[in-house]
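Work through the exercises below with the model open. Each task is followed by a solution in steps.

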Amino acid sequence: MRLKKSFIVFLISQTFIFSAISQKVYEPTWESLDKHKMPQWYDDAKIGLSMHWGVYSVPGWAPRQEGISYAEWYGSRMNDKKNPTYDYHREVYGNDATYDDFIPQWKAELYNPEDWAKFAKKMGAKYMFITSKHHDGFCLWPSKYTNRNAKKMGPEKDILGQYFKAARKEGLKVGLYYSLYEWYNPIYTGKEIPYAGLKRVNNYVDDFMIPQIKELIDLYHPDFFYFDGEWDHPEPFWKMKEVVAYYYNEAAKRNQEVFVNDRFGKGERGKHGDLYNVEYDFDKGSEGSLTHKWSFWQGIAKTFGYNQDTNPEDCLTPKQFIDKVIKGVSQNGNFDINVGPTAEGEIPEYEQYPLLGLGEWLSVNGEAIYGTHYWKVQEEGDICYTAKDQHVYAIFLKWQGETFSLKSVKPVEGSKITMLGVPGELRWDWTEDNGLTIYYPKQKSRPTSCSYAWAFKIKIN
């Protein structure tokens, strides 16, 4: 009996040793980290909901101007005499009002992350993420490295803890945005100014930033990280290789498939990381998009954070938004659409409207988006292509009437061509000269729930 028990203990110990040896260990080198694979779940998911929410939601203002007008940068631009925010702040709040005066005003009294998670699902998102800490240095979790956090100040609650619980209850993947730098932290800047909640340490990176990121990893087990605020210094200053190796290795212990974006230091974007973030402008920094996973990342309006001066014309229409999603997915991208909740915790109606339009469209056409990959041809005029298994999806961005023509696809002989959301097959023919023509008879009703774009499912060789 004793021999048998000893043998069992031996087997258990050997299994443990084998598991430890076989578990992939990432070293803090690009050679090692670049071997990490983007999780399939992210590539399949296609649509995510990003949320910028914090102290900056209290003033909630950015100037009306052409292009992007980031309201979450209020804390910096209120001190820039060349920016309209400087005069606005003094006109509305007075000459002596500081940014930290907004902290006790942020109560988040209507915060209901369960409603947010349900909204994310309704709009068609498969994952969601939120600012854990923006450049103002205010943390949305009870960090032990600073009292400048939402548990000690302002809302006096663990915003992130509730957010993660709600997202995972709805079956969504959930991640975090984290800013490496802080505008006014005396430990980072070396300039002694009042900074609410500061705890003194010797070194910003070693004693504050890295411990905070590890704290987030250990507390919440995020499915992904979007880093930002890296542009002041090259990667060795931030020691992000060490951070990413820790994250990958801790996730591997949990058999958790995770990823990070490409913001590790000055000049590093588009070089390393599982995901390349393309912020607002697809044509900028999007080289190699078909060979490396990337995402559109932008707001419905011209901002990430809430801006009370947002005009309707500042916002993407449902049609503009859905076209961007389709084009991005056809070119190997995901779409991380951002909303900026009010200080109370409500998603503005002008941001909900196009997102719910997307959700309605996806309820019919999701088959042509989720779980697809880019095809050998991405676009043909007003047509975008995606592919899955033995099928190509031709998504027309404009209604063509009784005939839909395309040159790039040759269906397999006997293929049944359908339009998603429409019962029955459609008649078609293909010739060398004219390509494929799909006929949509006058008597067949047009699918109104798909009124932004129309997807045909075509079997190919």
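**Exercise 1: a hairpin and its sheet**

Strands β14 and β15 make a hairpin, with three residues between them. The coordinates are those of a predicted model.

Task: Determine the strand order of the open sheet that contains β12, β14 and β15, and state which strands stand at the edges.

Solution.
1. Begin with the hairpin pair. β14 (residues 428–431) is antiparallel to β15, and four bridges connect them. Within this pairing, threonine 431 has glycine 435 as its bridge partner.
2. Turn to β12 (residues 403–406). Four bridges also join β12 to β15, and these two strands run antiparallel. Threonine 403 is bridged to tyrosine 439 of β15, and phenylalanine 404 to isoleucine 438.
3. Assemble the sheet. The order is β12-β15-β14, an open sheet of three strands with antiparallel pairing. β12 and β14 each have a single partner strand and stand at the edges, so one side of each lacks a neighbour in the sheet. On average, neighbouring strands of this sheet are turned by 15 degrees against each other, direction ignored.
4. Check the burial of β15 (residues 435–439). Four of its five residues are buried, so the strand is largely enclosed by the rest of the structure.

**Exercise 2: cysteines**

Task: State how many disulfides a search of the whole structure finds, and whether cysteines 315 and 384 are buried or exposed.

Solution.
1. Recall the bond in question: a disulfide covalently links the sulfur atoms of two cysteines.
2. The search of the whole structure returns zero disulfides.
3. Apply the burial cut-off, which is a relative accessible area under 20%. Cysteine 315 has 9% and is therefore buried. Cysteine 384 has 1% and is therefore buried.

**Exercise 3: tryptophan 231**

Task: Locate tryptophan 231 and list its contacts beyond four places in sequence.

Solution.
1. Tryptophan 231 lies in the loop between β4 (224–228) and α10 (235–238).
2. Its relative accessible area is 29%, so tryptophan 231 is classed as partly exposed.
3. Leaving out residues up to four places away in sequence, tryptophan 231 touches Trp73, His135, Tyr181, Lys266 and Arg269.
4. For a distance across the model, take glutamate 349, 118 residues from tryptophan 231 along the chain: the two C-alpha atoms are separated by 34 Å.

**Exercise 4: the largest nonpolar core**

Task: Identify the residues of the largest nonpolar core that touch the most other members, and examine leucine 49.

Solution.
1. The core has 139 residues, and those touching the most other members are Leu49, Met128, Met209, Phe225, Phe227, Leu406 and Ile458.
2. Helix α9 (residues 204–220) contributes the most to this core, with nine residues.
3. Not counting residues up to four places away in sequence, the contacts of leucine 49 include Trp116, Phe119, Met128, Ile337, Val339 and Leu355.

**Exercise 5: helix α5**

Task: Which residues of helix α5 (residues 84–93) are buried, and what follows just after the helix?

Solution.
1. The buried residues of α5 are Thr85, Tyr86, Tyr88 and His89.
2. Among the elements that cover these buried residues is α4 (74–77).
3. Glycine 94, just after α5, adopts a positive phi of about 100 degrees.

How values were computed:
Residues are numbered from 1 along each chain as its sequence is written. This is a predicted model: local features need pLDDT of at least 70, side-chain atom pairs count only at pLDDT 80 or more; totals for chains, interfaces and linings use all residues. Side-chain values use heavy atoms; hydrogens and water are left out. Buried means under 20% relative accessible area, exposed over 50%, partly exposed in between (1.4 Å probe, protein chains only). Contact means heavy atoms within 4.5 Å. A disulfide is a pair of cysteine sulfur atoms within 2.5 Å. Two strands pair if DSSP finds at least two bridges between them. Axes are lines fitted to C-alpha atoms, for helices over the stretch in contact, and angles run from 0 to 180 degrees between N-to-C directions. A nonpolar core is a set of buried Ala, Val, Leu, Ile, Met, Phe, Trp, Tyr and Cys residues joined through side-chain atoms within 4.5 Å.
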